[in-house]
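Student: Please take me slowly through the open sheet in one chain, and then go on from there to whatever else helps me to read the picture. I am new to this structure, so please explain each term as it comes up.

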There are 2 protein chains.
Amino acid sequence: MILDKINSPEDLKKLPIEELDDLAAEIRQGLMNRLSKIGGHFGPNFGIVEATIALHYVFNSPVDKFVFDVSHQCYTHKILTGRKYGYFDDSRFNDISGYTNPDESVHDFFNIGHTSTSVSLACGLAKGRDLRGAKENIIAIIGDGSLSGGEALEGLDFASELKSNFIIVVNDNDMSIAENHGGLYSNLRALRESGGKSECNLFKAMGLDYIYVNDGNDISSLIQAFNKVKDIDHPVVVHINTQKGKGYKYAETNREEWHWHSPFDPETGAPKGGYNGESYEGNTCQYLLDKMKKDEKVVTLVAAVPVVIGFTEDKRKEAGSQFVDVGIAEEHAVAMASGIAKNGGKPIFATNSTFFQRTYDQISQDLCINGNAATLLNCNASVYGLNDVGHLGIYDIPMMSNIPNLVYLAPVNYEEYMAMLDWSIEQNQYPVAIRMPCGPVKHTDEQVDTDYSSLNKYKVTKEGSGIAIIALGNFYNIGEDLAAKIEAATGVEPTLINPRYITGLDTELLEKLKTNHTKIVTLEDGILSGGFGEKIASFYGPSEIKVFNYGLKKEFLDRYNVEDVMRDNRIVPELIMEDLGL
Amino acid sequence: MILDKINSPEDLKKLPIEELDDLAAEIRQGLMNRLSKIGGHFGPNFGIVEATIALHYVFNSPVDKFVFDVSHQCYTHKILTGRKYGYFDDSRFNDISGYTNPDESVHDFFNIGHTSTSVSLACGLAKGRDLRGAKENIIAIIGDGSLSGGEALEGLDFASELKSNFIIVVNDNDMSIAENHGGLYSNLRALRESGGKSECNLFKAMGLDYIYVNDGNDISSLIQAFNKVKDIDHPVVVHINTQKGKGYKYAETNREEWHWHSPFDPETGAPKGGYNGESYEGNTCQYLLDKMKKDEKVVTLVAAVPVVIGFTEDKRKEAGSQFVDVGIAEEHAVAMASGIAKNGGKPIFATNSTFFQRTYDQISQDLCINGNAATLLNCNASVYGLNDVGHLGIYDIPMMSNIPNLVYLAPVNYEEYMAMLDWSIEQNQYPVAIRMPCGPVKHTDEQVDTDYSSLNKYKVTKEGSGIAIIALGNFYNIGEDLAAKIEAATGVEPTLINPRYITGLDTELLEKLKTNHTKIVTLEDGILSGGFGEKIASFYGPSEIKVFNYGLKKEFLDRYNVEDVMRDNRIVPELIMEDLGL
């Protein structure tokens, strides 16, 4: 194998250009090995193999610095920078992350999990270089749908002010995660169709120099282009036309399905194992489809991740103009939802907890100050959600619940979730966010409330005494378990409470608990810092009641084991009982 | 006066076009009356008088809907929609806000204080209209520097997907608050210079239709253009070339100074009263200028509000390439700061607390996950800061202090502030944010620490017993006052603590306090919810210690009186003593 000789970009540079195509084929074998066995970002990486080889062939990493946007397209970069074991050695898959990671290699400069950040981060590297009087090349590699994100557009707009070496490679594979959305993609198309010659040019309109590479999977064209811009003295865009999923027929044909893929059989493309049962995603999709059919004013918005609520291509078609994918543009989505609600529509915007972070100001200013009745559906907001450092869903309670006017709800089972969602869509008093439950679907036979307009009324599910357990959302079942264990150990039944509302205290109930309780336990599925339990502790601060808050420490976790994290944070009935002196 | 007849847009439509120039002159009298007496956004409003008259002459508000971006350019709109009293009747200045406000009028659809939101909000109104099957015109009026904001660019990119009536008026006055920054403004210039005919066109590159009005202060040209796009069946940009500050010579000449202006003498333009003494802004500017001269690796970043750290035009020139105004692009600024720190620079990014809200995700992902040693300087983060609902500075503690890895510091006086700032710039371990003190400069004779790298070490400034007061940042002086009053009343000196670190607990000290204290009082200048005091309450939750948290309620305030707010929240030594049973 040629790859046997490649342990760093230095080794790559020794190869004659003619061998590089064979190298690309070998790299795809490594990608296929890893991806078919443990899953990962398939399409983006298969599409950018040649461009990455050409970049490392021409530039001198790590003196010259690459910043990959959505760093999930960095697999070939990892293979070429001493980490091929992560693709070829099955026992070492977990030694590397799915994103660039400075802890792994000096060739990686940032840990990047969110899109649209590369141009701004790389502008910073360029400015740092200029302040030091150094001369290295700084190269941002953006694309795969990231261009529509506000941060990327701010960065593109600013870049021309640098007036020094700065190279932006636009990897144009004509796709986001799902199909691309937004007017700028029509300009990319016009540029592709004119061989880069269209006078109307987004990048030139942003004040940037521009060159075009028609076949972005042809290594020698790419090498030629990169040589042309190497050591350039001003910012330039290199627009390369690549094929997402290149080299694997199923991925070339069905680009959305193969953007990220779970383990599969390389021969047939068929997923291995997988889950076809009931899910919150699938149920949400079905509910919303029915709702939209019955009411033409209901509209569902997503920002490039329709899958978080199960909207596959066929379902999107079924919903028609009542389904809007704004592309990677979360800020726009929240503001637009506010506007829709203001003008008679019933909008639901769904995305992952980690991506709601991109919309703090829009939730506060565009939505909550204006009090418009939009519904935000927060997916994967849980320690059980995505577990890499760039996509954690454990910070949304402090992030969102302290914004005035927002009603943030935490359902504990399927029936309550659906009742809350339906109530939220139909009411027109409040901006509402709902923490979609995470994990297997839990059903209840008990009656759930259908009206949540009397805010901050907690639900006492077991009347007891001595100890009261206030167990929020996904951790309600831990509260149930804890209650049973306490009763078994002490003979006294504790009170169990499903608070339902994250954004406010049921002060009447909390007052009442004082009469026959001495200890309060709170449980929440997220970091404690700034969250729900601390508010309960503050409420009881001046009183005799003792409060024990359970949740996660404020820290960045990466590729964690849930059980370890739960134990480290003592979110285990036995450990809690120890703390309570039982 | 013609205005005597104008109580609504209906009345305006009855006027012959020939009278509209006289009307514009009368409106400028009203603007001058209000602005010279109570201050406000001068340049943006003087520049957009004619365009606003033309909009109301052509369209049918409130059925047709206007969304003003940075709604501080809405004064003429207010005069024409029944609120002229706010400009001509000195006794009623305070009856209206400086922004659009749905509580004031059915002609206002959103309360908008942050820039770059109009296109997305208006996209929502358009989608809501389409869902209802209605036909009104939806018009976003953007400009005055707002175009460079990520949300605006996301909105522009999305707008073409609407495929129905949508009109974006780009008010191009060639200025942001300070001069414009970003490559797109070179395209606006090319469009102005070519009479709108340049083939390279940002708006067309975003997939939008486009028309140009060369004299954006000429009412009949504007009326003609707006008539052309009225009832259009697809999205279109109307690019109008206006003059910021039009009609007042000082404002036409010195556009930055007159963007917002304090009360002044209309004859001479000279500010009335005003403050020329020592200020945190001025001192920060001087410190940073000195620092940058001594160290070429230090760089100061702002996002269109250089004034928050006193960088007037002359100071910016003095700093040269070590001062970077990224324009209205806060997301970019934080990511760029992270990149600068990564590549050997020492970046400081300063903006208002309210605008840091626009960068939650960048602080978390681009900066803190990567642990780069950038300094964020948080200005006007206080109940004593800006007091309109769109610019409140009381939410940053919950917003920022719960992000892992960030070190957030709250200095209590000038010397401590400068020591923290200097330490932060020179260290390379942590991303650091500093809450710049608000209000008059306070000095101390006492020694302040110069090294803050041992995190979360609170400073005991008075050793006492019984009650401990932990008084954060701007409220430290209330803590001092409270301590003195408690000692006077009880004869026992309380312990007084300057915690300095917002982002962590000094658990060793807090443990130690248990030995000879029974009550802890916390004081913080911001909302309690998700903030500092609740963490102290949670720490002591399982113990015998009683905790009393003081800070602001979680709510949106608008044009408040500080004393009322302090009293409502019982942040008054006498009321706190009452709560403590003293």
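Tutor: Two strands pair if DSSP finds at least two bridges between them, and the strands themselves (E, at least two residues), like the helices (H or I, at least four), are DSSP runs numbered from the N terminus. This is a predicted model, in which local features need pLDDT of at least 70, side-chain atom pairs count only at pLDDT 80 or more, and totals for chains, interfaces and linings use all residues. Residues are numbered from 1 along each chain as its sequence is written, while chains are lettered from A and ligands numbered from 1 in the order in which they are written.

In chain B, 5 strands form an open sheet with parallel pairing, in the order β2-β3-β4-β6-β5. Its edges are β2 (65-68) and β5 (209-213) of chain B, and because each has a single partner strand, one side of each is left without a neighbour in the sheet. From one strand to the next the twist averages 20°, where axes are lines fitted to C-alpha atoms (for helices over the stretch in contact) and angles run from 0 to 180 degrees between N-to-C directions. At the β2(B) edge, 4 bridges join this strand to β3 (residues 138-143) of chain B, the two running parallel, and Lys65(B) has Ile138(B) in β3(B) as its bridge partner.

Chain A holds an open sheet of 6 strands, ordered β9-β8-β10-β11-β13-β12 and also parallel in its pairing. Here β9 (323-325) and β12 (407-409) of chain A stand at the edges with a single partner strand each, so one side of each lacks a neighbour in the sheet. Within this sheet, β8 (residues 298-302) and β10 (residues 346-352) of chain A pair in the parallel sense over 5 bridges, with Val302(A) opposite Ala350(A) in β10(A). Helix α19 (residues 414-426) of chain A packs on the sheet, touching β8, β10, β11 (375-379), β12 and β13 (432-435) of chain A, where contact requires C-beta atoms, placed from the backbone, to lie within 7 Å.

Between the chains, helix α7 (residues 118-132) of chain A packs against helix α15 (residues 330-342) of chain B at an angle of about 45°, with their axes 6 Å apart. That angle makes α7(A) oblique to α15(B), since angles under 35 degrees count as roughly parallel, over 145 as roughly antiparallel, 65 to 115 as roughly perpendicular and the rest as oblique.

Notes: Contact = placed C-beta atoms within 7 Å.
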